[in-house]
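User: I have a two-chain model open and would like to know what stands behind the labels people put on it. Could you take me through the reasoning?

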Amino acid sequence: MAKVLMKGNEAMALAAIKGGCDAFFGYPITPQNEVPEYLSYHMKEYGRVFVQAESEVAAINMVYGAAGAGARVLTSSSSPGIALKQEGISYMAGSQLPAVIINVMRGGPGLGSIQPSQGDYNQVTRGGGNGDYHVLSFGPETLQETVDLVRQAFDIADYYRNPVMIAVDGLIGQMMEPVDLDNEIPKMDLPPKDWAANGKSGERGKRNTIVSLHLDTQGLEGHNLALKKKYDEMVEKEQRYEMIQTDDADIVIVAYGTVARVVRSVIETLREEGIKVGLLRPITLWPFPEKAFEKLPESAKMLLTVEMSLGQMHQDVRMVNEGKRKLAFYGRAGGIVPEADEIADEVRKLVGGSPA
Amino acid sequence: MKRITILTGHYGSGKSEIAVNLAVQEKSDMLVDLDIINPYFRSRSVRALLESHGVEVAESTLENAAGSDLPFISPKGSRPFVNRSMRAVYDLGGTKHGAKIMMQYRDMIKDPENLDFLVVININRMETDSAEKIVRVIDELQNTSQLRVTGLINNANMLEYTDEQTIRDGEAVLKEVEAQTGVPIVMTFVETTVKTTGDFAGETRPLTRYLAKHWL
């Protein structure tokens, strides 16, 4: 397929179909409504399931059920809707169920606003549910990267038997960009889902059960440690990031999603002025790409985190930095996207120049 | 351009960007943003720019409330139908759902000869990538708006991937539509950054990206 012009939400929906999504359960919320809208009339063309549930809580429990039966399942929502789904996500992690969750982030807390935000960073990377669990999460920058990750996410979720989240700010959900949905993407070797509770174990008396409840404490700790091993494997294998002009950089901006797009134009402007600035762009939000920070050159004396939230990712940067480099932060919230000029001025101030 | 120019089309076809461009180019008296479908990239988001060109903006009754998606429409939007000395551009929400909103003005239109109902088509959108699909879209838009489509706008721009051929490809498909329906191509928009060797069907107009900023 040649490149077509698509809106982010539609593109993610079509990418999910291409990624082999068998069923979608969701509930409307702006700014992600084009995902269920698109799937509501296209899933049936592929003979697949689309259900608009009565609430987010119902939707995530339908996801739990279908995933437990071995289906490839998708749900999508936006920040406050994801908050409602957190209980179900914790249950899925506990029951080791794969699913893909699209979160098109808007301003918060509470109902906040429908305008774009990255204020869910903590919700995405720490999880709002209970217990020791993690959700592998991506924060892509372009529509092409987003659709590639949505398609891969189903494999990754199946491989780890764990929910995978695609977390984009509202702007990526709403923007138009040419995308190719049939390009080559990495495929994973997946074992058959012999754990699925689909009535097909093939053996009389043998039943697969899907539970997150463990009655004996020893047993639960064993389960916790087994999950931990899985998360350690994700930390080892799944960190993804991009480094842009960091080799000779004196100051490195850390930014993801839409903010990274803005930073790219800032780098051009500042380099013309002789300020050596680079970009470290996390692609996975969890696991946070610690490995990228090890590759930064000695020359990089300062890291500037820029977010559409007020210092959430900056806490991860601080933890990874372990006091090695000077740190600075610049964030906008409430649905405001930082403009290139604002970020450039912030960098100029930090390197001792005056704002242009 | 006619006194009242109403823009419709699929969402993502470039209606709002073109509405802003037309209002600025024509120094219209008013831009009426009737988009109750899209939460982002609406023409009302560049209110300051429009006002600096002397264009009044009519949008929701809740002005400057970008954080809401309540489908309110300012009564100001009906003024151009009543005051026939006003020149206005109407920017509808995408698809037939966005076009339905025109129904409320139907009985107010006293000078239909001064009104254009134009469909913005970007052939790079899957829903309008063939003459057959476009003809169907035109039908739907006419049925729900109760207005006759009077012209087509070729907007085949594809951000940084646009070249002259992209625009010509759009034109070729729209010429088929023109032949089948009798609805003419009235304008072609070409982004100012694209180099072209000649003019296109209808009026060729420059497109400046006011809504989709360049880092997008």
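User: What makes residues of chain A and chain B count as being in contact, and how many does the contact take from each chain?

Analyst: Happy to help! This is a predicted model, so every value here is computed from predicted coordinates. Contact means heavy atoms within 4.5 Å. By that test the contact takes 30 residues from chain A and 23 residues from chain B. Put together, the two chains bury about 2300 Å², with carbon and sulfur atoms giving 62% of it.

User: Why is the pair Glu339(A) and Lys213(B) called a salt bridge?

Analyst: The cut-off is 4 Å between a side-chain nitrogen of Lys or Arg and a carboxyl oxygen of Asp or Glu. In this pair the closest N and O atoms are 3.2 Å apart, so the pair qualifies. The count between chain A and chain B is two salt bridges.

User: How do you know that Arg125(B) and Glu10(A) form a salt bridge, and where do the two residues sit?

Analyst: Their side chains meet at 2.9 Å, N to O, and the limit is 4 Å, so the label applies. This pair crosses between chains: Arg125(B) is in the loop between β5 (115-121) and α5 (131-145) of chain B, while Glu10(A) belongs to helix α1 of chain A. As background, side chains of opposite charge can pair when their charged atoms come close.

User: Which other polar links cross between the chains, and which elements of chain A take part in the interface?

Analyst: The rule finds 10 residue pairs in polar contact across the interface of chain A and chain B, with both residues at pLDDT 80 or more. On the side of chain A, the elements that give two or more residues are β1 (4-7), α1 (8-18), α2 (34-42), α7, β8 (176-179) and α9 (257-272). That side divides into 15 nonpolar, seven polar and eight charged residues.

User: What makes chain A a chain of domains, and how far apart are their centres?

Analyst: The domain assignment gives domain 1 (4-237) and domain 2 (242-350) of chain A. Their C-alpha centres lie 28 Å apart. The contact takes 35 residues from domain 1 and 29 residues from domain 2. About 2500 Å² is buried between the two domains, 50% of it from carbon and sulfur atoms. In domain 1, Gln118(A), Tyr121(A) and Glu141(A) lose the most area to domain 2, together 33% of what that side buries.

User: Why is the pair Asp316(A) and Arg126(A) called a salt bridge, and how many does the rule find across the domain interface?

Analyst: The N to O distance is 2.7 Å, and the rule asks for a value within 4 Å, so the pair counts. Across the interface of domain 1 and domain 2 of chain A, the rule finds six salt bridges. There are also 19 residue pairs in polar contact, both residues at pLDDT 80 or more.

User: How do you know that chain B agrees with a compact globule?

Analyst: A compact globule of 216 residues would have a radius of gyration near 17 Å; chain B has 16 Å, so the value agrees with the rule. Along the principal axes, the C-alpha atoms of chain B fill a box of roughly 40 × 35 × 30 Å. Chain B has six helices and eight strands, which run β-α-β-α-β-α-β-α-β-α-β-α-β-β from the N terminus on.

Conventions
Residues are numbered from 1 along each chain as its sequence is written. Chains are lettered from A and ligands numbered from 1 in the order in which they are written. This is a predicted model: local features need pLDDT of at least 70, side-chain atom pairs count only at pLDDT 80 or more; totals for chains, interfaces and linings use all residues. Side-chain values use heavy atoms; hydrogens and water are left out. Domain bounds come from an automatic or database domain assignment. Buried area is the accessible area (1.4 Å probe) that two parts lose on being put together, summed over both. A polar contact is a pair of N or O atoms within 3.5 Å; within protein, one must be able to donate a hydrogen and the other to accept it, and residues adjacent in sequence count only if both atoms are side-chain atoms. Helices (H or I, at least four residues) and strands (E, at least two) are DSSP runs, numbered from the N terminus. Ala, Val, Leu, Ile, Met, Phe, Trp, Tyr, Cys and Pro count as nonpolar, Asp, Glu, Lys and Arg as charged, and the others, Gly among them, as polar. The radius of gyration is taken over C-alpha atoms; the globule rule is 2.2 Å times the number of residues to the power 0.38.
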